[in-house]
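Colleague: Could you walk me through this model, one question at a time? I am new to this and would like to see how each answer is reached.

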Amino acid sequence: MRNYFALIIASIFINCGKANLIYHPISFEIQTDKESYYEGEKITFNITITNTDKERTHPVLIPHTQNTGQKLFYLSFYDKANNTLLLRYTEDKMLNMMVHDTGTVQIRYLKPLEQIVIPIYLNDFENYYSYHTQNASHHNMGVPLFAGIYKVNLTYNPNGIPLGDRIYSYYGDFDKNKSESDKLLMHENGALSQMIDLKIKRSADTAVTIQDQKFFIKTDGYYFYYFNKYVETITTDTSCIHISSLLTDSASMKGEYFYNQFPGLFNEYIARFEDGDIREYRKFRSECPDYLYTERFNELKQKTQYQLQLPDGRFYSISYHQPSGKIDQEILCVPNGTRCDETKYIYNKHGDFIKKKYTQTEPCVEVLIDGKLKSYKLVYNLELKE
């Protein structure tokens, strides 16, 4: 199990960095047009595309009239923490502009050291579906971006767009990376820009619209509660979408509290150290198994637990002894959580590994409700008697 998990993690790191290991003459950089924004404000990202070759002209694909199919550019948002690289949100890689004409991308030939700048927009829902303006406004994270500091990068991925096949030869992680004829080499997952900081401040308004969703804000003097409908009193039912401790005009603070509740999608909880690093991050749901992604750290910022749902639907959890960093326990569950294989690592008093102990558990039980199977977590109540 441990080797299987290590292979997955290695593959993730390779995919993130492989595109930059092989020389590609076209580079991509992003920057915002302002230092900070308020929640719901239109955000402009300027993409600078540069031919870094001092001698040769090279082609690059740029957006044109395309309004269906795969995007050329899409954004990913990471947490601001420095003690972990935590992907928070990434946008849908497909265009969905409710039109019938597929349109096209275009090839632009850049002379040696030539640059072009292309803007794209976030929170521009006035033009989100409007193919008459351009597809530059057709970007969103699928969930509202509330106040905070995020790390953002851009992916350029022409793989899957027919015109891209004319100028690129795509390679995977284990390919020999040999180009076909005179085509440029491009990793199958595309090329990445650098990472930048995006600051989104909390405004003084009692209602804000973020990515075409209106939120009503109330406070108890300590926290600010965002509701998807107007309410007279503060509750924490499903109408409460977001809770934040950030003050007006701020994007960060010591002891920051952050909670999201997106019905039908996931919940998100963040506890931080005073410097903004992650103490605990939980992305979870109401079903069993409840976790989708978890990272926990002790007071010395040593990782004590890591959990995630794997691409095949199974759930993986690992815990560590600290300060040694040695594995305490690994758990791998089937997608519905009705069977889990647990591996306990046993050490002697000197910290030397002795053996593994394997057990199989059934933490979730399936119940037929209204003709549908639903999974619930088994809870055991143990009464102690003298």
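Colleague: Which backbone nitrogen does the side chain of Asp277 reach?

Modeller: Happy to help! First, this is a predicted model, where local features need pLDDT of at least 70, side-chain atom pairs count only at pLDDT 80 or more, and totals for chains, interfaces and linings use all residues. Residues are numbered from 1 along each chain as its sequence is written, and side-chain values use heavy atoms, with hydrogens and water left out. At 2.8 Å, the side chain of Asp277 reaches the backbone nitrogen of Asn82.

Colleague: Which side chain shares a polar contact of 2.7 Å with that of Asp277?

Modeller: A polar contact is a pair of N or O atoms within 3.5 Å; within protein, one must be able to donate a hydrogen and the other to accept it, and residues adjacent in sequence count only if both atoms are side-chain atoms. The residues that Asp277 touches, not counting those up to four places away in sequence, include Ala81 and Arg272 (contact means heavy atoms within 4.5 Å). The side chain that makes the 2.7 Å polar contact with Asp277 belongs to Lys301.

Colleague: Is Asp277 buried or exposed?

Modeller: Asp277 is found in the loop between strand S21 (266–272) and S22. Strands are DSSP runs of E, at least two residues, numbered from the N terminus. Buried means under 20% relative accessible area, exposed over 50%, and partly exposed in between, with a 1.4 Å probe and protein chains only. Asp277 has a relative accessible area of 7%, so Asp277 is buried.

Colleague: How many disulfides does the structure hold?

Modeller: A disulfide is a pair of cysteine sulfur atoms within 2.5 Å. Cys288 and Cys364 form one, with sulfur atoms 1.7 Å apart, and Cys333 is joined to Cys340 with an S to S distance of 2.0 Å. Counting bonded cysteines along the chain, the pattern is 1-4, 2-3. The number of disulfides is 2.

Colleague: What is the handedness of the disulfide between Cys333 and Cys340?

Modeller: Both ends are buried, Cys333 with a relative accessible area of 6% and Cys340 at 2%. The link of Cys288 and Cys364 has -60 degrees about the S-S bond and is left-handed. For Cys333 and Cys340 the torsion is about 110 degrees, so their disulfide is right-handed.

Colleague: Why is one side of strand S1 and of strand S10 left without a neighbour in the sheet?

Modeller: Two strands pair if DSSP finds at least two bridges between them. The open sheet has 3 strands in the order S1-S3-S10, with antiparallel pairing. Strand S1 (26–32) and strand S10 (115–122) stand at the edges, so one side of each lacks a neighbour because each has a single partner strand.

Colleague: Over how many bridges do S3 and S10 pair?

Modeller: Strand S3 covers residues 43–51. Within this pairing, Thr50 stands opposite Gln115 in S10. S3 and S10 pair in the antiparallel sense, and the count of bridges is 8.

Colleague: How many residues are in the largest nonpolar core?

Modeller: A nonpolar core is a set of buried Ala, Val, Leu, Ile, Met, Phe, Trp, Tyr and Cys residues joined through side-chain atoms within 4.5 Å. In soluble globular proteins, nonpolar side chains tend to be buried together. Phe45 and Phe77 are among the residues that touch the most other members of the largest core, whose residues number 71.

Methods
Helix = DSSP H or I, 4+ residues; strand = E, 2+ residues; numbered from the N terminus.
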